[in-house]
There are 2 protein chains.
Amino acid sequence: MAGVRQFDEGALVEQALGVFWEKGYRATSMLDLAAATGVQRGSLYHAYGGKEQLFTKIFSQFAAEFLAGAERALEADDPRQALTDLFDYCIASITTGTPSRGCLSTRTAVEAAEPQVDAAVQAMLDGLEERVATMLTRTASASSSARSARARSALSVPPRDAARLVVAMTRGLAVLERVYGDPARLRETAATLVTALLR
Amino acid sequence: MAGVRQFDEGALVEQALGVFWEKGYRATSMLDLAAATGVQRGSLYHAYGGKEQLFTKIFSQFAAEFLAGAERALEADDPRQALTDLFDYCIASITTGTPSRGCLSTRTAVEAAEPQVDAAVQAMLDGLEERVATMLTRTASASSSARSARARSALSVPPRDAARLVVAMTRGLAVLERVYGDPARLRETAATLVTALLR
DNA sequence: GCTATGTTTGACAGCAGTGTCAAACATGAC
DNA sequence: GTCATGTTTGACACTGCTGTCAAACATAGC
């Protein structure tokens, strides 16, 4: 088989992700992507069909990496620590860069309104909720060695509800990051939720 | 003084707000506004300068009305009731219309990046936080007739922190409305927060 | 009625983006 | 080396939007 792709798809995905993250899905044009990747507009259309398909591909990859990171953050045995680590991870992700780049999934959720794109965002949030719920169930059932912290860490609401609340809060933090641009404040608000949730 | 404005500014503000709410700040063009209001594009530029100024004017008016409604929702003596009423009010606001129009301020916060616009959104959130904090302080200090519900309604975190958390949650709900489009689910998540907050 | 003042109008020139396509081009398979 | 196949390229025609402006217009004050 001849007629072979000239560009490095991995690098393209990486660079295009940067553009989408910085400018947002809507505000990013195929022209921007061509400029950032060095691949001609025509080639992008030929290879991917258009912005929606290209973004979906890139976002799915990003979401998988993000969820892997979230899973790592949730590994602590103490639910308070696990939740704190998760929020720290999310906050670090959205406050990276100068100016900070914000939350790609939140921004996309709010502005997209294209079926494939919306579905991808929803899948990511479902995945996040699932992982938080799993962690909360695991640490709450506490069949392993009972640490004194465990007793103080009883959930004030059922784990599934708590997980949804945590996911909702990550979205809220993403919006507040845009409005106030203050990482410390985000951490404080996250800490408040953790306190209210574990009692 | 001659040379008098031909259009009804009140009606224009109302109609333009509808367009901004439906399409979002960025996606709304002066052309859209002209079509929706019946006022020529040139006249809009002449009267307001441009989209940013026009939006700022409209949004400030909207924010004042929204905050007045929030204040009414927060009037209940029982903090649990007041918070529930507030969330119901917010959820009703963003799930109105078919398809539901979402949250104007959240969408604007996430996509805007223009100084005047961002400042207006921030002012609204500050106002909301202030009103929630006032309510929580009022109902917590409870110098009036002690109802049995009052005892159960102790805040699990300081009122100021709780207020910030509540505001953050309203933003989170706005994002989730876009993703899942399910009012009942939003109410459930809000109820979970209220439960975690009042113990 | 006339005038001065501010408003409205439609057109203009310009910019940025879209999606497509035929021709030029590489390259793996033979 | 030739060929078939898929890729790259730059140009094309088009759409939608911007911001400005001179001329036409309406009306309050005199």
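**Predicted model of chains A and B with DNA strands C and D**

Chain A contains 10 helices and zero strands. Read from start to end of the sequence, the order of elements is α-α-α-α-α-α-α-α-α-α. The model described here is predicted. The C-alpha trace of chain A extends over about 65 × 40 × 25 Å along its principal axes. Of the 199 residues in chain A, 40% are buried. When contacts in chain A between residues at least 6 apart in sequence are considered, 66% of them link residues at least 24 apart.

An unreviewed UniProt entry annotates residues 6-66 of chain A as "domain: HTH tetR-type". In the model this span is 77% helix and 0% strand, and the C-alpha atoms at its two ends are separated by 29 Å. Helix H2 (30-37) and helix H3 (41-48) of chain A, which also appear in the description of the DNA surface below, are among the elements of the chain.

The relation between the two protein chains was examined by superposition. Chain A is brought onto chain B by a rotation of 180° with 0.0 Å of shift along the axis, and the RMSD is 0.0 Å. The two copies are therefore related as by a two-fold rotation axis. Within chain A, the C-alpha atom nearest this axis belongs to Gly172(A), at 1.9 Å.

The contact between the chains involves 32 residues of chain A and 32 residues of chain B. On the side of chain A that touches chain B, two or more residues are given by each of helix H6 (104-111), helix H7 (115-141), helix H9 (159-180) and helix H10 (183-197) of chain A. H9(A) provides the largest share of this side, with 13 residues. By class, the side of chain A that touches chain B comprises 16 nonpolar, eight polar and eight charged residues. Of the interface residues of chain A, 100% are also interface residues in chain B, so the copies meet through the same surface.

Both DNA strands are contacted by residues of the two chains. DNA strand C is surrounded by 24 residues, of which Ala2(A), Ser29(A), Gly3(B), Gln6(B) and Gly42(B) are the closest. Elements that contribute two or more residues to the surface near DNA strand C are helix H2 (30-37) and helix H3 (41-48) of chain A, together with helix H3 (41-48) of chain B. The largest share, four residues, is that of H3(B). In this surface 11 residues are nonpolar, 10 are polar and three are charged.

Around DNA strand D there are likewise 24 residues, and Gly3(A), Gln6(A), Gly42(A), Ala2(B) and Met30(B) come nearest. At least two residues of the surface near DNA strand D are supplied by each of H3 of chain A and, in chain B, helix H2 (30-37) and H3. H3(A) gives the most to this surface, with four residues. The surface near DNA strand D divides by class into 11 nonpolar, 10 polar and three charged residues.

Two local backbone features were found in each protein chain. Most residues other than glycine have a negative phi, and most peptide bonds are trans. In chain A, the peptide bond between Thr98(A) and Pro99(A) is cis, with omega about -5°. Pro99(A) is situated in the loop that connects helix H5 (79-94) and H6 of chain A. In chain B, a cis peptide bond joins Thr98(B) and Pro99(B), and omega is again about -5°. The loop holding Pro99(B) runs between helix H5 (79-94) and helix H6 (104-111) of chain B.

The second feature concerns phi. Ala113(A), a residue other than glycine, has a positive phi near 65°. This residue occupies the loop between H6 and H7 of chain A. Ala113(A) counts as partly exposed because 16 C-beta neighbours lie inside 10 Å. For Ala113(B), also a residue other than glycine, phi is positive and near 65°. Ala113(B) is placed in the loop between H6 and helix H7 (115-141) of chain B. With 16 other C-beta atoms within 10 Å, Ala113(B) is partly exposed.

How values were computed:
Residues are numbered from 1 along each chain as its sequence is written. Chains are lettered from A and ligands numbered from 1 in the order in which they are written. This is a predicted model: local features need pLDDT of at least 70, side-chain atom pairs count only at pLDDT 80 or more; totals for chains, interfaces and linings use all residues. A residue is near a molecule or strand if its C-beta atom, placed from the backbone, lies within 6 Å of it. Ala, Val, Leu, Ile, Met, Phe, Trp, Tyr, Cys and Pro count as nonpolar, Asp, Glu, Lys and Arg as charged, and the others, Gly among them, as polar. A residue is buried if 20 or more other C-beta atoms lie within 10 Å of its own, exposed if 12 or fewer, and partly exposed in between; C-beta atoms are placed from the backbone. Two residues are in contact if their C-beta atoms, placed from the backbone, lie within 7 Å. Copies are superposed by least squares on the C-alpha atoms of residues with pLDDT of at least 70 in both. UniProt positions are given in the numbering used here, feature names are shortened, and annotations may be inferred rather than shown by experiment.
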